Amino acid sequence: MSLAPSPSATMKPPRGKLPVSIITIVICGFAFLALLYAETSRSFFKLKSCPRRHAAKKSKDRTAGDNLKSFELDDRFEFDPEECTVNTGKWVFNKSLEPFYTDRSCPYLDRQVSCVKNGRRDFDYRRWEWQPDDCTLPRFNPELALKKLRGKRLMFVGDSLQRGQWQSLVCLVEWLIPEDKKSLKRGRFLSVFRAKEYDATIEFYWAPYLIESNSDQPIIGDPKKRILKVDSIEKHAKNWRGVDILVFNSYVWWMSGLRLKTLWGSFANGEEGYEELDTPVAYKIGFKTWANWVDSNIDPNKTRIFFTTMSPTHTRSADWNNTKGIKCFNETKPVTKKRYWGSGSDKRMMSVVASIIGKMKVPVTVLNITQLSEYRIDAHTSVYTETGGKMLTDKQKADPLHHADCIHWCLPGVPDTWNQIFLAYL
Ligand SMILES: *[C@@H]1O[C@H](CO)[C@@H](O)[C@H](O)[C@H]1NC(C)=O
Ligand SMILES: *[C@@H]1O[C@H](CO)[C@@H](O)[C@H](O)[C@H]1NC(C)=O
Ligand SMILES: *[C@@H]1O[C@H](CO)[C@@H](O)[C@H](O)[C@H]1NC(C)=O
Ligand SMILES: *[C@@H]1O[C@H](CO)[C@@H](O)[C@H](O)[C@H]1NC(C)=O
Ligand SMILES: *[C@@H]1O[C@H](CO)[C@@H](O)[C@H](O)[C@H]1NC(C)=O
């Protein structure tokens, strides 16, 4: 758990197989996550081709000349979920950008992600806007969000990253609602924010693997003792019935090792009958269980399903060539290299998601946040967080190698952009 990438390591992950050291790093992150996030979690996106862009290019040829430059600026078309690839683009700095909320103004944020309260003194990480190459992404509009949610139940389901996304959305809209017209009730598995006048709820359900495991609640700190029931989901899924909009994620908890202990069927030998499977194989079975549940229980005319892709971790600074860096600690600017992809996002896991979702009967909107979040090495909670319910001490803060959290994101921050995209698709 205290393992960390050697800052001077420059080994590049070969395609397909990840070197053990990287896996170890990921594992550390994991175990760490388990300890930290006992009952919480969060994440989002999607991609498509943009035929209209080519149309625009053609007309550009015709209007070549003096107008070319200004035309270029207007080349992006208005957002259309069918046509815009939101996951290719860049982060643009806007020094006058102010988030809708702060970790002081929003009463519902966990201390874990309240970076400013926890001592973070650089604020630029909150002033970057995501700009897709092909279209203009509409700014988040809190009034519109509440309007779209009127009379509905929205539930985020997943891990602590998904929980961050949930808290981000709650904070993005709650300030519009008077004190006595809103409430938040926290539970072991289910937490519910209610906007009374809108007859709407924004809920979070804790299910870090989506399928059942012996470590859902309470969490088992040692990943080796966790056993996943890859064909069982009903215990969690029965709580998802009747919800109007479901947003799922599940990634980082699977990355606790090269292999996972898995179990299926129910036999008298119980947990002793487990089998160790390679992570992507276990993920494929578990994710398929989820997909089968959705396909056989969800009426797509009544319920919308979203899936948030993996939220990148940034525990290996050599990935972005900062050989003297310590994980994401002290990073204050996003990576600018186009299509940057670090070792914290496993492409094999992504392809499992893509192939299974592609074959589902019920349409699933993919919130493909991985690429855009990959750039944001500057936006994690780092040492401005807590561990086991306690703020990091000054001594721990001075030891980022062991204590910086480069998995979770500060709020306000990157998950606000995930919600901006979510709302655009909603
Ligand atoms: C920067 O953010 C402000 C405040 O949201 C906005 O009014 C302005 O248009 C933004 N600037 C650019 C260049 O997008
Ligand atoms: C959904 O609605 C469409 C159009 O009203 C209908 O043709 C289709 O059978 C419905 N699907 C389900 C699963 O009820
Ligand atoms: C890191 O350095 C290599 C070799 O110079 C280069 O190809 C790569 O683009 C760099 N990566 C980043 C994120 O700048
Ligand atoms: C972190 O950044 C600050 C400000 O740039 C610098 O003074 C400090 O030395 C850095 N710490 C480490 C461990 O790199
Ligand atoms: C998400 O986008 C990446 C490219 O950034 C792509 O490789 C991947 O297949 C997409 N994932 C899904 C589930 O569609």
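Helices and strands here are runs assigned by DSSP and numbered from the N terminus, so a label such as β14 or α8 tells you where an element comes in that numbering. Keep that in mind as you click around. One more thing before setting off: the model is a predicted one.

**Stop 1: the whole chain**

Start with everything shown as a cartoon. You should find 12 helices and 19 strands. The chain has 426 residues, and 47% of them count as buried. Now think about contacts between residues with a separation of 6 or more: 81% of these join residues 24 or more positions apart.

**Stop 2: the loop between β14 and α8**

Select R339. This residue sits in the loop between β14 and α8. Is R339 buried or exposed? It has 8 C-beta neighbours inside 10 Å, so it counts as exposed. Check its backbone, too: phi is positive, at about 60°, although R339 is not a glycine. For background, most residues other than glycine have a negative phi.

Stay in this loop and pick T315, which is also found between β14 (304-308) and α8 (347-358). T315 has 27 C-beta neighbours inside 10 Å and therefore counts as buried. Which residue, 91 positions away in sequence, has its C-alpha 5.8 Å from that of T315? Select C406 and you have it.

**Stop 3: ligand 3**

Next, click ligand 3 and show what surrounds it. The residues around it are W320, N321, V335, K337 and Y340. Sorted by character, this shell has 3 nonpolar residues, 1 polar and 1 charged.

**Stop 4: α8 and α7**

Move on to S355, in helix α8. With 12 other C-beta atoms within 10 Å, S355 is exposed. Add K284 to the selection: S355 and K284 are 71 residues apart along the chain, and their C-alpha atoms are separated by 9.6 Å.

K284 takes you into helix α7, where it is one of the buried residues. Select residues 279-297 to see the helix from end to end. How far apart are the end C-alpha atoms of α7? They are 27 Å apart, which agrees with the span its 19 residues should have at 1.5 Å a residue.

Now colour the buried residues of α7: T279, A282, Y283, K284, G286, F287, T289, W290, A291 and V294. Then bring up what covers them, including β10, β12 (259-263), β13 (275-278), β14 and α8. As you look along the helix, one general point helps: an α-helix has 3.6 residues a turn, so residues three or four places apart point the same way.

**Stop 5: α5, wrapped up**

Select residues 160-174, which make up helix α5. Its 15 residues reach 20 Å from the first C-alpha to the last, close to the 21 Å expected. How many of the residues of α5 are buried? The count is 15 of 15, so the helix is largely enclosed by the rest of the structure.

Keep α5 on screen and add α12, residues 414-425. The two helices pack at an angle of about 75°, with their axes 9 Å apart. That makes α5 roughly perpendicular to α12. To see the meeting point, show G164, Q165, S168, L169 and L172 from α5, along with P415, D416, W418 and N419 from α12. The residues of this contact divide into 4 nonpolar, 4 polar and 1 charged.

A short detour: select W206, in strand β8 (residues 200-206). W206 is buried, with 25 other C-beta atoms within 10 Å. Its C-alpha is 7.9 Å from that of R163, although the two are 43 residues apart in sequence.

**Stop 6: backbone oddities**

Last come a few spots to view with the backbone drawn as sticks. As a rule, most peptide bonds are trans. Zoom in on L411 and P412, though, and you will find a cis peptide bond with omega at about -5°. P412 lies in the loop between β19 (405-409) and α12.

Another cis bond runs from Q217 to P218, with omega near 0°. P218 is placed in the loop between β9 (212-213) and β10 (227-229).

Finish on S382, in strand β16 (residues 380-382). Its phi is positive, at about 50°, although S382 is not a glycine. S382 counts as buried, because it has 27 C-beta neighbours inside 10 Å.

Note on methods. Residues numbered from 1 in each chain as written. Chains lettered and ligands numbered in written order. Predicted model: local features only at pLDDT ≥ 70, side-chain atom pairs only at ≥ 80, totals over all residues. Helix = DSSP H or I, 4+ residues; strand = E, 2+ residues; numbered from the N terminus. Expected span 1.5 Å × (residues − 1). Buried ≥ 20, exposed ≤ 12 C-beta atoms within 10 Å, placed from the backbone. Axes fitted to C-alpha atoms, helices over the stretch in contact; angles between N-to-C directions. Parallel < 35°, antiparallel > 145°, perpendicular 65-115°, else oblique. Contact = placed C-beta atoms within 7 Å. Nonpolar A, V, L, I, M, F, W, Y, C, P; charged D, E, K, R; others polar. Near = placed C-beta within 6 Å.
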